[in-house]
Amino acid sequence: MAGGAVKATAFLQRPPLILPHRHPPVNHLNVCRRFIGANSINLTNSFACRSTTTNAASGEVRDDQVLTIAPLEVNTIKETCSKWEWRGYTINYFKYQGQNGQKSNPPLLLVHGFGASVAHWRRNIPTLAQTSTVYAIDLLGFGASDKPIGFAYTMETWAQLILDFLEEIVQTPTVLVGNSVGSLACVIAAADAQNSLVKGLVLLNCAGGMNNKAIVDDWRIKLLFPLLWFIDFLLKQKGIASFIFERVRQRESLRNILLSVYGNKDSVDDDLIEIIREPALDEGALDAFVSIVTGPPGPNPVQLMPKIKLPVLILWGDDDPFTPLDGPVGKYFSSLPSNVQNVNLSVLQGVGHCPHDDRPNLVHEKLVPWVAALSSS
């Protein structure tokens, strides 16, 4: 689920790494504002709260209410999703406004990573919806969106999908929030000089490409580069690809992959396994898997980021075996705040490749006040 959730191809694409010491889990505390008004979608299991306020200038989290909110039920998300026709394909998306009808912050568009879907944001949407209208989208080839047979997937296609979604559905300047390859798709969209519908950019462990062929300056990848090309060759043999994909999408295989990329093991629950597994059973899922793993890696974020003058928030889990902080992509993004004024970076301790789902409280504590400050600027 790269790009967000889990890379189902972890054992094929990534070099073996020695994982750093894992920190003990922290209590789940989501930062959000008090619910007011009503909404057709009801939140469940909201718990006690503590008093704070929000200081937009300093970014300090100080709100009237800080609630611990249970995730949205996966079935609730499925039942309330909408469909959008894009270039002859059906795209699945989710819109959520919480119970506060008047939103003070710009809307958010959540973009998942490899193998994931809108439900991968179930632990974030209720909190973020207190001050923003929240959209989440299934990229073409994932979730409940179409998975066309024989389609050649590219990062540029997903970026254009995002831009068209902003223009046709959201229709107002929006903050893009992406994980892994979803982050990279957001970077490509935000780098479009003609685009005026992106107000800000939030990157959660951004990928260096659609697959690891982009990371040619990492010695770990260089060592395995011949093997990666050989794997590409094998995956283009339909029988071999089908066998590998069948093994990867088994529940225990997915659980093991997820456990290897999550810092907080408690977040790897049965719901998460099914969020990844169910779309992998769809017709066309194998084609998407092969096309993405063997296709061109796409634009490199190192060339794209200098074009982006919008406010950027980077949240990076320090326990990520896919895009580690000491790898070329991690080092590049870590260096940005000291070189440009529009980028803020927070390294999240004990967090893996999918920070928003791994330890959502840490993400909310950085993201919520940043969006509030963006709104007031």
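Arg87 counts as exposed, because its relative accessibility of 58% lies above the cut-off of 50% for that class. This residue is found in the loop between strand 3 and strand 4 (89-96), and its phi is near 55°, a positive value in a residue other than glycine. These values come from a predicted model.

Gln171 also has a positive phi, of about 60°, although it is not a glycine. Its place is the loop between helix 4 and strand 7, and with a relative accessible area of 56% Gln171 is exposed. A further exposed residue is Gln303, whose relative accessible area is 52%. Gln303 belongs to helix 11 (residues 301-304), and its C-alpha atom is separated by 9.8 Å from that of Ala191, although the two residues are 112 apart along the chain.

| Residue | Location | Relative accessible area |
|---|---|---|
| Arg87 | loop between strand 3 and strand 4 | 58% |
| Gln171 | loop between helix 4 and strand 7 | 56% |
| Gln303 | helix 11 | 52% |

As for confidence, the chain averages a pLDDT of 81, and 74% of the residues score at least 70. Over residues 2-68, however, the pLDDT is below 50, and this stretch has 207 contacts in the model beyond near neighbours in sequence.

Turning to the sheet, eight strands form an open arrangement in the order 3-4-6-5-7-8-9-10, with mixed pairing. Strand 3 (82-86) and strand 10 (343-348) stand at its edges, and since each has a single partner strand, one side of each is left without a neighbour in the sheet. From one strand to the next the twist averages 20°. In general, strands of a sheet pair through backbone hydrogen bonds, in either the parallel or the antiparallel sense.

Strand 7 can be followed through both of its pairings described here. With strand 8 (residues 198-204), strand 7 (residues 174-179) pairs in the parallel sense over six bridges, and within that pairing the bridge partner of Leu176 is Leu201 in strand 8. Helix 5 (residues 181-190) packs on the sheet, where it touches strand 5 (108-111), strand 7 and strand 8, and its direction makes about 145° with that of strand 7. Strand 5 and strand 7 run parallel and are joined by four bridges, with Leu108 standing opposite Val175 in strand 7.

How many of the six residues of strand 7 are buried? Six of the six are, so this strand is largely enclosed by the rest of the structure. In a regular strand the side chains alternate between the two faces of the sheet. In strand 7, Thr174, Leu176 and Gly178 point one way, while Val175, Val177 and Asn179 point the other way, and all are buried.

Helix 7 (residues 238-248) shows a division between buried and exposed positions. Its buried residues are Ala241, Ile244, Phe245 and Val248. Seen down the axis of helix 7, these residues fall within an arc of 100°, so they line one face of the helix. An α-helix has 3.6 residues a turn, so residues three or four places apart point the same way. The face of helix 7 turned away from the buried side carries the exposed residues Gly239, Phe243 and Arg247.

Aromatic contacts are the last topic, and the structure holds 12 aromatic pairs. One of them is the edge-to-face pair of Tyr135 and Phe165, with 5.9 Å from centre to centre and 80° between the planes. This pair links distant parts of the chain, as Tyr135 lies in strand 6 (residues 134-137) and Phe165 in helix 4 (residues 155-170), 30 residues apart. Both Tyr135 and Phe165 are buried.

In the pair of Phe142 and Trp158 the ring centres are 5.7 Å apart and the planes stand at 40°, so this pair is tilted. Here too distant parts of the chain are linked, with Phe142 in the loop between strand 6 and helix 4 and Trp158 in helix 4, 16 residues apart. Phe142 and Trp158 are buried, and they belong to one aromatic cluster that also takes in Tyr89, Phe114, Phe151 and Tyr153.

Notes. Residues numbered from 1 in each chain as written. Heavy atoms only, no water. Pairing = 2+ DSSP bridges. Helix = DSSP H or I, 4+ residues; strand = E, 2+ residues; numbered from the N terminus. Axes fitted to C-alpha atoms, helices over the stretch in contact; angles between N-to-C directions. Contact = heavy atoms within 4.5 Å. Phe/Tyr/Trp six-rings, centres within 6.5 Å; stacked < 30°, edge-to-face > 60°. Buried < 20%, exposed > 50% of the residue type's maximum accessible area, 1.4 Å probe, protein only. pLDDT = per-residue confidence, 0-100. Arc of directions from axis to C-beta.
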